[in-house]
Each structure stands twice: as structure tokens, then as C-alpha cells.
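Here are some short exercises to work through with the model open beside you. Try each task yourself before reading the solution.

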Amino acid sequence: MPAKQVVDTKTATSTKTSTEPDGTIVEVITTTITDKFSDGSTGTRTEVKTTKKAPCAGATGCGNAQVLQANLTPASSTAPKVENNTDAKFIQDVLETHNKLRAKHGAPPLVINADLAKIAQAWANEVAKKGNMEHSTSGFGENVYWNTDKPPGTRPPEAWYSEIKDFNFSKLEGQKGTGHFTQLIWKASKEVGIAMSSGKNGYYVVANYSPPGNIIG
């Protein structure tokens, strides 16, 4: 009796995506393959493929999450740097507001890093010139804020922190639209650079963080 042969194959694929606490995106692709044999019988087999991806980069609400660059420090970074000319009181107000909000979650206070401040100023100048809210590719954590009027130093961190309303703590995983909030309170971040620049569309505030939060590794 001849061995039965596959005469038809149908494939169905489903994808399930989740996010780990560090922001890593886990994608599970399940493929169900149904074979029809020459004797009329059928057989089903399932293949599962799991991949992990770095969090989104450069998208609104995602902070500047990306793959961690080994040994990256503000001093060694090749990101553009310019002298930080942002008002000292504004910087202090932004810093103090950060640390008050971080304290609510048991996160240690941030300190200003001079090189990060120069990196933040360079990018603030760039987005103010473009008149467009976007993230850099510096490799550091990053929050960006824009307003038509000059904001007080308390406002940018409070705006980033307001994403807490969309964060479900019971899930303990990264969640869309909360990347600015989670970067602000990220415990592993120790240093920050803060800058503001004005352009034709208003005022732009940039905060860069080291080590970065919302990041794989």
C-alpha cells in the first residue's frame, strides 16, 4: 500500500506582543500548519517563534528607548555638544521637580552632569531651529517638552510625570504612551542634563538621562 502523501497544506499565523518591565518588546508568532493527506486524513502541527526587540525609538510617548550602547558615558559620547546657556534657576527648578517626583517612587535623586547638559542644549537648539518635537539618537534617555510660551521649570517634568494616569502598576511592564513618566522615575538613571531653547514655534526643553531608562540591557 503506497504511503500517504500531503496533497494540501493550510497555514494560519497569529502574533502576540507583550512588553517586559525593562521595556523589551516580546513578540510570539504561532504558526498552525494543517496538512491534508491523500487518504483523506488531516494532521496539524504548531510552530512557535519568540523574538525580543528593543523598545521603540524616537516615537512620541516612548522616551528615547533604544539598544544600550556599551561603555557609553556623557564624557565619551560623540553626540553634538554646545555650551549650556539655559538659565540656572530654570535648570534647578526642573531638577528639583524631578527629584520630588522620583522620591514618590523610591528613586534616588538625579544630579546634573555637565556633559549631558551640553548634549541636551545641542539638541534643544536643534529642535527649536526645526520647530519640531523629535528625539535625538544620542544613546541617552531623553524627554522632550514644547510650549508656545516660556514655561516655568516645574512644568516639563510635571507634564512628563502626568503619564502616570495611563500606567497600570499591576501589569509591571512597559506600556504605550508612558515612556516619559517611566524615564523620569527610572531608578537606574543617576545623572541628567537639562536645557531649553526657543524658536519660531515656541520653547523646547530637553532632558537627557544617564544611564538611560526604558532600555534593553
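Helices and strands here are DSSP runs, of at least four residues for a helix and at least two for a strand, and they are numbered from the N terminus. Please keep in mind that this is a predicted model.

**Exercise 1. Sketch the order of the elements along the protein chain.**

Solution. Start with the inventory: the protein chain has 4 helices and 7 strands. Next, walk from the N terminus, and you should meet β-β-β-α-β-α-β-α-α-β-β. To finish the overview, look at burial and contacts. Of the 217 residues, 41% are buried. Among contacts with a separation of 6 or more, 66% join residues 24 or more positions apart.

**Exercise 2. Work out the strand order of the open sheet of 4 strands, and find its edges.**

Solution. Reading across the sheet gives β4-β6-β7-β5, with mixed pairing. Now look for strands that pair on one side only: these are β4 (111–112) and β5 (141–147), the edge strands. Then follow β5 to its partner, β7 (residues 202–210), where the two strands run antiparallel over 7 bridges. Two of the residue pairs are easy to locate: valine 144 bridges to valine 206, and asparagine 143 bridges to alanine 207. Although β5 is an edge strand, 6 of its 7 residues are buried.

**Exercise 3. Describe how helices α1 and α2 lie on the sheet.**

Solution. Take α1 (residues 88–103) to begin with. This helix lies across β4, β6 (191–199) and β7, and runs at about 130° to β6. Turn next to α2 (residues 114–130), which packs on the sheet and touches β4, β5, β6 and β7. The direction of α2 makes about 25° with that of β6.

**Exercise 4. Check whether the span of α2 agrees or disagrees with 1.5 Å a residue, then list its buried residues.**

Solution. The 17 residues of α2 should span 24 Å at 1.5 Å a residue, and the end C-alpha atoms are 25 Å apart, so the two values agree. For burial, the cut-off is under 20% relative accessible area. The residues of α2 that pass are Leu116, Ala117, Ile119, Ala120, Gln121, Ala122, Trp123, Ala124, Val127 and Ala128. Their cover includes β5, β6 and β7. A general rule helps when you inspect the helix: with 3.6 residues a turn, residues three or four places apart point the same way.

**Exercise 5. Which residues touch the most other members of the largest nonpolar core, and which elements build it?**

Solution. The core holds 19 residues, and Trp160, Val192 and Ile194 touch the most other members. Two or more residues come from each of α1, α3 (155–161), α4 (179–185), β6 and β7, and α1 gives the most, with 5 residues. Now zoom in on isoleucine 194: beyond its neighbours within four places in sequence, its contacts include Phe90, Ile91, Val94, Leu95, Ala117, Ala120 and Val206. Another core lies apart from this one and has 9 residues, among them Ala124, Val127, Ala128 and Val144.

**Exercise 6. Find the peptide bond from serine 210 to proline 211 and decide: cis or trans?**

Solution. First locate proline 211, in the segment after β7. Then read omega for the bond from serine 210: the angle is near -15°, and the bond is cis.

Definitions and conventions: Residues are numbered from 1 along each chain as its sequence is written. This is a predicted model: local features need pLDDT of at least 70, side-chain atom pairs count only at pLDDT 80 or more; totals for chains, interfaces and linings use all residues. Side-chain values use heavy atoms; hydrogens and water are left out. Buried means under 20% relative accessible area, exposed over 50%, partly exposed in between (1.4 Å probe, protein chains only). Contact means heavy atoms within 4.5 Å. Two strands pair if DSSP finds at least two bridges between them. Axes are lines fitted to C-alpha atoms, for helices over the stretch in contact, and angles run from 0 to 180 degrees between N-to-C directions. A nonpolar core is a set of buried Ala, Val, Leu, Ile, Met, Phe, Trp, Tyr and Cys residues joined through side-chain atoms within 4.5 Å. The expected span of a helix is 1.5 Å times one less than its number of residues.
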